[in-house]
Amino acid sequence: MKIAITGKGGVGKTFISATISRLFEKDNYNVVAVDADPDMNLACALGIDEEIIPLSKMDDLIEERTGAKVGEYGSVFKINPMVSDIVEKYGYKVNDANINLIVMGTIEKGGGGCVCPASVLLRRLLRHLILKTDEVVILDMEAGIEHLGRKTTENVDLMIVVVEPSKKSLLTANRIKKLAKDIGVSNLYCIVNKIKNNEEKKQFEKIFNEQVNIPILGYIPYSNEVSKCDLQGAPLNLNSEVGKDIKKIYDKIKKIKNNNTEE
């Protein structure tokens, strides 16, 4: 199953991506967790405290696979570089678990010369992960909607929009809904994060259904524990109350996965 997790910046995409990856791994799935956000924090959410070099900074790899040096203007390069071994060779094994972390990195712009080879390699890898691999792939996408405009996430099995109780979050969710439809993503769902109480939940649900109307997989309460984990760079305790709430959402995701398999 290939899952893209998206939404406005700051809504909690990364901690949700990390937790869902760990739940799949706990159920004995092989997982590829992809940090596709230029603000690279998925490693931290998975409990990794060492620096990981993103693929976009691996100049030797980019040159080897595309035939062009990074920053060399006007180079001729391969548009279909080999990427099938990148997860195995360059993925970070998370605590010896069945999770391989791939940090994509960002493509520098302006004054950096030709960046096409790096961009081609990253997009080719994403396409390979979505279409050609058997593992569960969790994509922690960049904030906003740019990746949808570039069709980076077409052909995913499930797209999850993470929202919080704010007007800006609703506006982003609506834009994502429209663009997801444009590129043919049919399984679009929502997770609502940072809900403070039942009254806020009821108010938000009413407004969300009126203005956005995407099926809601579940609600995650605002949690000091999540903030503490974020500060310490530690993964969420799966047995905590918030962990149990995400487990309920995960069970729904697995049900969608099983239904898709049967079809």
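**Figure 1. Ser169 is a buried residue in a predicted model.** Ser169 has a relative accessibility of 2%, and because buried means under 20%, Ser169 counts as buried. This residue is found in helix H7, which covers residues 167-182. Apart from its neighbours within four places in sequence, Ser169 is in contact with Lys8, Val11, Val162, Val163 and Glu164. Two of these contact residues, Val162 and Val163, appear again in the next view, among the buried residues of strand E6.

**Figure 2. Strand E6 is covered on both faces.** Six of the six residues of E6 are buried. On one side stand Leu158, Ile160 and Val162. On the other side stand Met159, Val161 and Val163, and these are buried as well.

**Figure 3. Strand E6 pairs with E1 and with E7.** E1 and E6 are joined by five bridges and pair in the parallel sense. Here Ile5 stands opposite Ile160 of E6. Five bridges also link E6 to E7, again in the parallel sense. Across this pairing, Val162 stands opposite Ile191 in E7. From E6 the chain crosses through H7 to E7, making a right-handed β-α-β crossover.

**Figure 4. Eight strands make up an open sheet.** Their order is E3-E4-E2-E5-E1-E6-E7-E8, and the pairing is mixed. Strand E3 (92-93) and strand E8 (216-221) each have a single partner strand, so one side of each has no neighbour in the sheet. These two strands stand at the edges.

**Figure 5. Strands E2 and E5 run parallel.** E2 spans residues 31-36 and E5 spans residues 136-141. Six bridges join the two strands. One of the residues to find in this view is Ala36, whose bridge partner in E5 is Met141.

**Figure 6. Helix H1 lies across several strands of the sheet.** H1 is made of residues 13-26. The strands that H1 lies across are E1 (2-7), E2, E4 (99-103), E5, E6 (158-163), E7 (188-195) and E8. Relative to E5, the helix runs at about 170°.

**Figure 7. Ser223 caps the N-terminal end of helix H9.** The helix covers residues 224-232. A side-chain oxygen of Ser223 lies 3.1 Å from the backbone nitrogen of Glu225. Just after H9 comes Gly233, which takes a positive phi of about 70°.

Key
Residues are numbered from 1 along each chain as its sequence is written. This is a predicted model: local features need pLDDT of at least 70, side-chain atom pairs count only at pLDDT 80 or more; totals for chains, interfaces and linings use all residues. Side-chain values use heavy atoms; hydrogens and water are left out. A polar contact is a pair of N or O atoms within 3.5 Å; within protein, one must be able to donate a hydrogen and the other to accept it, and residues adjacent in sequence count only if both atoms are side-chain atoms. Helices (H or I, at least four residues) and strands (E, at least two) are DSSP runs, numbered from the N terminus. Two strands pair if DSSP finds at least two bridges between them. Contact means heavy atoms within 4.5 Å. Axes are lines fitted to C-alpha atoms, for helices over the stretch in contact, and angles run from 0 to 180 degrees between N-to-C directions. Buried means under 20% relative accessible area, exposed over 50%, partly exposed in between (1.4 Å probe, protein chains only). A crossover is right-handed if, with the strands pointing away from the viewer, the path from the first strand over the helix to the second runs clockwise.
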